[in-house]
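Hi,

Here is the structure I promised to pass on. Have a look at it first, and then read my notes below.

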Amino acid sequence: MKKIANIFKNKEIMNRIFFTIMILLVIRIGAAITIPGVTVSEELQKEMQNAGAIGLMDLLGGGALQNFSVFALGVSPYITAQIIVQLLSKDVLPALTELSKQGEYGRKKSEMATRYLTLLLGAVQAYGIIKTMENKSYITLNIGNGFWSYAYIIVIILAGSMLMMWLGDQITSKGLGNGISVIIFAGCVRSLPIQISTAFNKWIIQNQGHGSSELLKGAFQFLIYILVFILIIAFVIFIELSKRKIPVQHAGRGGANPSMAKASFLPIKINSAGVIPVIFASSIMLAPSVIASFISAEAGNAPWLKIFSYSEMTPMPGGWEMPWGLLIYLTLTVLFCFFYASIQISPQQLAENFQKSGSYIPGIRPGNETERYVAKVLNRVTCLGAISLGFIAGLPVILTLSGVFGGDSSLALGGTSLIIVVGVAIELNSQIDGLLAGKSFEEVQAAGANN
């Protein structure tokens, strides 16, 4: 309560919160404006309820894809471009690697390269989405199917995506920070009240006219549902905050005397990759249908593409079914967890930096032994994170396929949206704590100057 009171007393924080809310309101208005000349079918709304790749793209677009609005792509091309540039900067493309070592100047140049790549990826992704939606009869183009019709829609979608990216930058500089994350956060949060309301209607409202025993049973089911929901949130928070601390000592300026050394820790998060592996895995799962849509409408609706749908069971010889899409999705998520963690924390580079700065891990020799030790710890920690991330991301699909909710996928718990909501909420809390701490420091300095 004291923290909330301090937030309301702090004019700067309140202005930042109000500014962020206004930007999100603008995005929600844009998300409701369907692109002129396009008619959206009800089937698209149903598809968004499934825990599929298109549903994830809707989350990254702040909930704008379900209306095929001007913000249909959202920040998805920017996130993809950012990841690609980051990967190429790791000793893959020499020019980008050199820029990553040039401080603020290099960061600005890399950001400019990211924005140019965003335009290119956005155009390709927009065309792919249009053709995919058309082939599945989710949308109908009322302006024809010629080149200029597609160019017209692609330009509108690209403009909306770049505008949303600019609005994210405004939140970063003038709002609560982490603008892109806040936009995705808002798209995820909007579905939570609907999900709770749906569960309440299913187990409470619909059982009111079926006797007290059915009503009591429904109330018990709803209570269990909320309890499990809270436990899953607590588990995600635990995973997001958990880290392995490797003790590190820094030799003092007086020499290598242990009494002069300063002790600290190298924190390695269990889930150091965040939701990036899920986004990568979903993009790869969606890629075959998008590529097939470029070829023809028949190829875009080919039966073999169902193997990449992780919300469906694939029929097998013998009359039984296999969730191949879910298995591929979870495998890709785990692999990308290890891949991205190794990029975020490079054991070789870490060992070299330790040697240059005179730092060392107690009981571990500098150089190759330090590199092997950090790599071993990183792999073990990432293994826990990858399994946890795969479990949370695949939980709604598993619950839907198992028929726990009677085929109603909107009630499924967990998923990418929950990971995003918890992660961004923790980041925003840290941002507000930082602003409050800065304000308190300024007040202490002012009081000291007056005395």
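Let's start with Ser242, which is buried, because its relative accessible area is 11% and the cut-off for buried is under 20%. Bear in mind that this is a predicted model. You'll find Ser242 in the loop between H11 and strand S3 (243-250). Leaving aside neighbours within four places in sequence, Ser242 is in contact with Lys269 and Ile270.

Lys269 turns up again when you look at Glu240, which belongs to helix H11 (residues 212-241). Glu240 is buried but has no salt bridge. How far away is the nearest side chain of opposite charge? That side chain is Lys269, at 4.2 Å, and a salt bridge needs the nitrogen and the carboxyl oxygen within 4 Å. What Glu240 does have is a polar contact of 3.0 Å, side chain to side chain, with Asn271. If you again skip the neighbours within four places in sequence, the contacts of Glu240 are Lys269, Asn271, Ile419, Val422, Gly423 and Ile426.

Now for the charged pairs that do meet. Side chains of opposite charge can pair when their charged atoms come close. Searching the whole structure turns up three salt bridges. Glu111, Arg115 and Asp169 are linked in a network of them. Within it, Glu111 pairs with Arg115, and their closest N and O atoms are 3.2 Å apart. These two sit four residues apart in helix H7 (residues 103-135), which means about one helical turn separates them. Arg115 also forms a salt bridge with Asp169, this time with the closest N and O atoms 2.7 Å apart. Asp169 is in helix H8 (residues 147-174) while Arg115 is in helix H7, so this pair ties together parts that are 54 residues apart in sequence. Are these residues buried or exposed? Arg115 is partly exposed, with a relative accessible area of 21%, and Asp169 is partly exposed too, at 25%.

There is also a salt bridge between Arg16 and Glu12, where the closest N and O atoms are 3.4 Å apart. Both residues lie in helix H2, four residues apart, or about one turn of the helix. Glu12 is partly exposed, with a relative accessible area of 42%.

That brings me to H2 itself. Glu12 has another link at the start of this helix: a side-chain oxygen of Asn10 reaches to within 3.1 Å of the backbone nitrogen of Glu12. H2 covers residues 11-31, and at 1.5 Å a residue its 21 residues should span 30 Å. The C-alpha atoms at its ends are 30 Å apart, so the expected span and the model agree.

Which residues of H2 are buried? They are Ile13, Thr20, Ile23, Leu24, Ile27, Gly30 and Ala31. They cover an arc of only 115° around the axis, so they are on the same side of H2. An α-helix has 3.6 residues a turn, so residues three or four places apart point the same way. On the face of H2 turned away from the buried side, you'll see the exposed residues Lys11 and Phe18.

If you want a place to begin in the viewer, try Arg115, since it forms salt bridges with both Glu111 and Asp169.

Cheers

Definitions and conventions. Residues are numbered from 1 along each chain as its sequence is written. This is a predicted model: local features need pLDDT of at least 70, side-chain atom pairs count only at pLDDT 80 or more; totals for chains, interfaces and linings use all residues. Side-chain values use heavy atoms; hydrogens and water are left out. The expected span of a helix is 1.5 Å times one less than its number of residues. Buried means under 20% relative accessible area, exposed over 50%, partly exposed in between (1.4 Å probe, protein chains only). The arc is that of the directions from the helix axis to the C-beta atoms. A polar contact is a pair of N or O atoms within 3.5 Å; within protein, one must be able to donate a hydrogen and the other to accept it, and residues adjacent in sequence count only if both atoms are side-chain atoms. Lys and Arg count as positive and Asp and Glu as negative; His and the chain ends are not counted. Contact means heavy atoms within 4.5 Å.
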